[in-house]
Number of protein chains: 2
Amino acid sequence: MADTEPTPVPERKRGSGVKLVYDLLRDEILDLVLPPGSPVDEVQLAERFKMSRTPIREALVRLAGEGLIETLPNRSTMVSNIDFLNLHTFFDALVLMYRVTTRLAAQNHRREDLPIIRGLHEDYAAAVAARDTLAMIATNVAFHAAIAEAGRNPYFTGLFRRLLDEGRRILRLYYQSYEEQFPQRFVDEHAEMIAAIEARDIEGADRLGKAHAEQIVLQVQRLFSRNERLDIAL
Amino acid sequence: MADTEPTPVPERKRGSGVKLVYDLLRDEILDLVLPPGSPVDEVQLAERFKMSRTPIREALVRLAGEGLIETLPNRSTMVSNIDFLNLHTFFDALVLMYRVTTRLAAQNHRREDLPIIRGLHEDYAAAVAARDTLAMIATNVAFHAAIAEAGRNPYFTGLFRRLLDEGRRILRLYYQSYEEQFPQRFVDEHAEMIAAIEARDIEGADRLGKAHAEQIVLQVQRLFSRNERLDIAL
DNA sequence: TGCATTTTATTTGTCGACAAGAAAAATACA
DNA sequence: TGTATTTTTCTTGTCGACAAATAAAATGCA
């Protein structure tokens, strides 16, 4: 009974709480640990993270700013729904950003960008080999985000990141319900993209980015249309 | 002395404070009433708006999320600088979004969109006729935002709005230092764009959007390069 | 005077409490 | 039993106060 330490408090540093909550909630939303429609309760989160509602609230305001949660005034907050009816607008934007960022990377990358991109390429290949779904999704996002960074246009990078994030939720659904080893194809396409970027082949990078994106879109669309038919069949 | 009402408080409604502060600060930043680098003090704003720091802080978090203000941890908050060194990335993104949104409007607009767009077109023409700079900037943004809305892709619309907002600050500089009646040309180009959209001439709308955007970019670049030379001359 | 150290001031970050708004539950009434 | 009304509950919105972190000012010392 000598151990009378007041409490084994996590000892967080001032200012770190918001980021902690923001990062964690964001990942939980994008990995569908918190599926669309899940209630997000400030008091509950405050208890969970052992802090007051103020920093929780700030994290939620930021998530709302990115459209990841929705707030009904005076009433409740919940994880945003995926707008399946307008998926085509998402795909349109995604394809264009794949093209633009890959093209700009071919145009503007510096030598020091390539090792980073290659490293993430290998991470993705490893995740595919290990059949680790969550790792595949995460490393794929990181790979393309790194290409976008090498393109050096923060406006495009910003939109692309948002689209890739939203895509994490959709891909999560995809991999949950669909088993196939096609990702090897993506690994090969990634390698081609790197080659085009390194060769500063702008048109080639554009073409590969477009083809790669449309490949993904097609697969996902095929899945959803099949699911629709299944729903109707029930 | 019978009038002993406690205080003639503005009587704001619960939940409206954040929006009030957010909207006002946003406009003040974009109109350069608060120039880049201006300090943004929470306590001062709380006094000015007669509310506690909590809603002020929420408005600031949102503005920071859009990159309009920057926060140094534990120290200070200030209006974001305009990144003149990387203006070309801004122009690249702006031109592409002009193209994409105008193109999509030609493709996806509904009949009820056109009267709205025409109305804003006339507002812009009126502002040009009146030589009202702030009104020109504001109505121009509203006009192109309406076209983007008619294109019905929220991802593109979102990025475009951000770019147009950032453009408000740059155009404000432009009109402050540059006097010329070229805006009439923009009025004519706007009319052409409306015609292409109405005719569902997708390629034509794309071409017009691109030309229109490049026109603006060229003028602004010319101004800045002239200013640079002036700076050097001093 | 020049520099290191301590003190003060200023601004943000966090907290706990209370009030308002809206939905859900309970009650009253026919 | 069915509906209108009141009460309760639950969640968010706002407040005032305090603590921590940093920069600026003041002080001490050679």
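**A protein pair and two DNA strands**

A base nitrogen of DNA strand C lies 3.4 Å from an N or O atom in the side chain of A:T54, and this pair is a polar contact in the sense used here, namely two N or O atoms within 3.5 Å (within protein, one must be able to donate a hydrogen and the other to accept it, and residues adjacent in sequence count only if both atoms are side-chain atoms). The model is predicted, so that local features need pLDDT of at least 70 and side-chain atom pairs count only at pLDDT 80 or more, while totals for chains, interfaces and linings use all residues, and side-chain values use heavy atoms, with hydrogens and water left out. Residues are numbered from 1 along each chain as its sequence is written, and chains are lettered from A and ligands numbered from 1 in the order in which they are written.

Strand C is also approached through the protein backbone: one of its phosphate oxygens is 2.9 Å from a polar backbone atom of A:G15, and a phosphate oxygen is 3.5 Å from a polar backbone atom of B:V40. In total, 21 residues surround DNA strand C, the closest being A:R14, A:S52, A:T54, B:R53 and B:R57; a residue is counted as near when one of its heavy atoms lies within 4 Å. Of the atoms of strand C that come within 4 Å of the protein, sugar and phosphate account for 62%. The largest share of this surface, 3 residues, comes from α3(A), where helices are DSSP runs (H or I, at least four residues; strands are E, at least two) numbered from the N terminus.

Turning to DNA strand D, the reader will again find 21 surrounding residues, and here the closest are A:R53, A:R57, B:R14, B:S52 and B:T54. Bases are reached by side chains at two places: a base nitrogen is 3.2 Å from an N or O atom of A:R14, and a base oxygen is 3.1 Å from an N or O atom of B:R75. A polar side-chain atom of A:D41, by contrast, lies 3.3 Å from a sugar or linking oxygen of strand D. The helix that gives the most to the surface near strand D is α3(B), with 3 residues.

How are the two protein chains related? A rotation of 180° with 0.0 Å of shift along its axis superposes chain A on chain B, with an RMSD of 0.0 Å, the fit being by least squares on the C-alpha atoms of residues with pLDDT of at least 70 in both. The two copies are thus related as by a two-fold rotation axis. The same surface serves both copies, since 100% of the contact residues of chain A recur in chain B, contact meaning heavy atoms within 4.5 Å.

One residue that touches both chains is A:N153, whose contacts are A:L104, B:T89, B:D92 and B:A93, not counting residues up to four places away in sequence. A:N153 is found in the loop between α6 (133-151) and α7 (154-177) of chain A, and its relative accessible area of 2% makes it buried, a term for values under 20% (exposed is over 50%, partly exposed in between, with a 1.4 Å probe and protein chains only).

Finally, the largest nonpolar core has 72 residues, and those with the most contacts inside it are A:L96, A:M97, A:V220, B:L96, B:M97 and B:V220; such a core is a set of buried Ala, Val, Leu, Ile, Met, Phe, Trp, Tyr and Cys residues joined through side-chain atoms within 4.5 Å. A second, separate core of 19 residues includes A:L30, A:V40, A:F49 and A:I69.
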